[in-house]
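Open the model in your viewer, and keep the sequence panel beside it so that you can select residues by number as you read. Each stop below asks you to pick out a few residues and then says what to look for around them.

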Amino acid sequence: MDIDEVRRRAYAMPLTNPSYPPGPYRFYDREFIVITYRTSREALEAVVPAPLEIIDPIVKYEFIRMPDSTGFGDYTETGQVIPVRFNGQTGGYVHAMYLDDDAPIAGGRELWGFPKKLAKPKLVHESEVIVGTLHYGSVLCAVGTMGYKHRPADEDAILASLKAPNFLIKIIPHVDGTPRICELVRYYTQDITLKGAWTGPAALDLRPHVSCDVAKLPVLEVLSAVHFKADLTLGLGEVVYDYLAPAT
């Protein structure tokens, strides 16, 4: 393999057998449970990086079932998104993500900078309740429950939330362990088809774990919950702030 071929083929690791194919990445019948809760401002101040601004002491805890996605397969994901503002634009800062599939872990971290870690989340229907759980190894770290399709949700509000920007911190170290890339990335979901949306009562329990820190943003009060299904495309990102650029 000559140098030109290396350059042509080098879009992901490993070079000769990448962990995921090139995009675009389309998701079909993506099922969401999003439980919005109030937490402490002090807890958010410890994890939200400048230049992002905290709007309110609010967190959105998500369980997402992805049965059909191009390139990434069939998997389940869970994590926390924090409402923030950047240069006057409101969106969500993706703080933590846990999932059970290698391809989207590798692709998510390498392409966008998603904070993905390997774990065992589940989203299942149990009679009149939808149950989301997160195990990290053998330890139960999160339990979310929601009443099944109690009332129709505001579809316009859900579409607006899906179209809002999301922000990530992409970190790639140099070979000596120092940061080579440290960037604030913005991305959008695109080509959204909402297939149904509901609301209902919900409960959320987060438990401490040294390697799965969801409980560091404690649940003080559950504010609302939505359950919806959608097809969408995960758009590629753009760098909006470079932490390693020389100060001006």
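The tour goes through paired strands, a buried charged residue, nonpolar cores, a helix and its cap, and finally some backbone details. Bear in mind throughout that this is a predicted model.

**Stop 1: strands β8, β9 and β14**

Select residues 129-136, which make up strand β8, together with residues 139-147, which make up strand β9; the two run antiparallel and are joined by eight bridges. To see one of the pairings, highlight Val 131 in β8 and look across to its bridge partner in β9, Thr 145. These two strands form a hairpin with two residues between them, and in the turn you will find Gly 137, which has a positive phi of about 65°. Now add residues 202-206, which are strand β14, and you will see that β9 is also joined to β14, by five bridges and again in an antiparallel arrangement. Here the residue to click is Ala 142, whose bridge partner in β14 is Leu 206.

**Stop 2: strands β5, β11 and β12**

Next select β11, residues 166-173, and β12, residues 179-187, which run antiparallel with eight bridges between them. They too form a hairpin, with five residues between the strands, and Gly 177 in the turn has a positive phi of about 90°. Then bring in strand β5, residues 89-99, which runs parallel to β11 and is joined to it by two bridges. On this side of β11, look for Gly 92, which stands opposite Asn 166.

**Stop 3: a buried charge**

Stay with β12 and select Glu 183, which lies in this strand and has Lys 170 standing opposite it. Is Glu 183 part of a salt bridge, or without one? Glu 183 has no salt bridge although it is buried, and the nearest side chain of opposite charge, that of Lys 170, is 5.3 Å away; a salt bridge would need the charged atoms to be within 4 Å. If you show the residues that Glu 183 touches, leaving out those up to four places away in sequence, you will find Leu 168, Ile 169, Val 239, Tyr 241, Asp 242 and Tyr 243 among them, as well as Lys 170.

**Stop 4: the nonpolar cores**

In soluble globular proteins, nonpolar side chains tend to be buried together. Which residues of the largest nonpolar core touch the most other members? Select Val 48, Leu 52, Tyr 61, Ile 82, Leu 134 and Val 214, which hold that place among the 33 residues of this core. Apart from this core lies another, of 32 residues, which includes Phe 32, Phe 72, Ala 153 and Ala 197. Returning to Ile 82, show its contacts beyond four places in sequence, which include Leu 44, Val 47, Val 48, Ile 58, Tyr 93 and Leu 217.

**Stop 5: helix α3 and its cap**

Move on to helix α3, residues 102-112, where Ala 103, Pro 104, Ile 105, Ala 106, Gly 107, Gly 108 and Trp 112 are buried. In the loop between β5 and this helix, select Asp 101, which caps the N-terminal end of α3 with a side-chain oxygen 3.4 Å from the backbone nitrogen of Ala 103. Asp 101 has a relative accessible area of 16%, so it counts as buried. Among the residues it touches are Phe 72, Gly 73, Asp 74, Tyr 75 and Leu 118, with residues up to four places away in sequence left out. After the helix comes Gly 113, whose phi is positive, near 100°.

**Stop 6: backbone details**

Most residues other than glycine have a negative phi, and most peptide bonds are trans. With that in mind, select Met 13 and Pro 14, which are joined by a cis peptide bond with omega about -10°; Pro 14 lies in the loop between α1 and β1. The peptide bond from Ala 50 to Pro 51 is cis as well, with omega near 10°, and Pro 51 is found in the loop between α2 and β2.

Finally, select Asn 87, which is not a glycine but has a positive phi, near 50°, and which sits in the loop between β4 and β5. Asn 87 is exposed, with a relative accessible area of 68%. Asp 191, which lies in strand β13, also has a positive phi, of about 50°, and is exposed with a relative accessible area of 56%.

Methods:
Residues are numbered from 1 along each chain as its sequence is written. This is a predicted model: local features need pLDDT of at least 70, side-chain atom pairs count only at pLDDT 80 or more; totals for chains, interfaces and linings use all residues. Side-chain values use heavy atoms; hydrogens and water are left out. Two strands pair if DSSP finds at least two bridges between them. Helices (H or I, at least four residues) and strands (E, at least two) are DSSP runs, numbered from the N terminus. Buried means under 20% relative accessible area, exposed over 50%, partly exposed in between (1.4 Å probe, protein chains only). Lys and Arg count as positive and Asp and Glu as negative; His and the chain ends are not counted. Contact means heavy atoms within 4.5 Å. A nonpolar core is a set of buried Ala, Val, Leu, Ile, Met, Phe, Trp, Tyr and Cys residues joined through side-chain atoms within 4.5 Å. A polar contact is a pair of N or O atoms within 3.5 Å; within protein, one must be able to donate a hydrogen and the other to accept it, and residues adjacent in sequence count only if both atoms are side-chain atoms.
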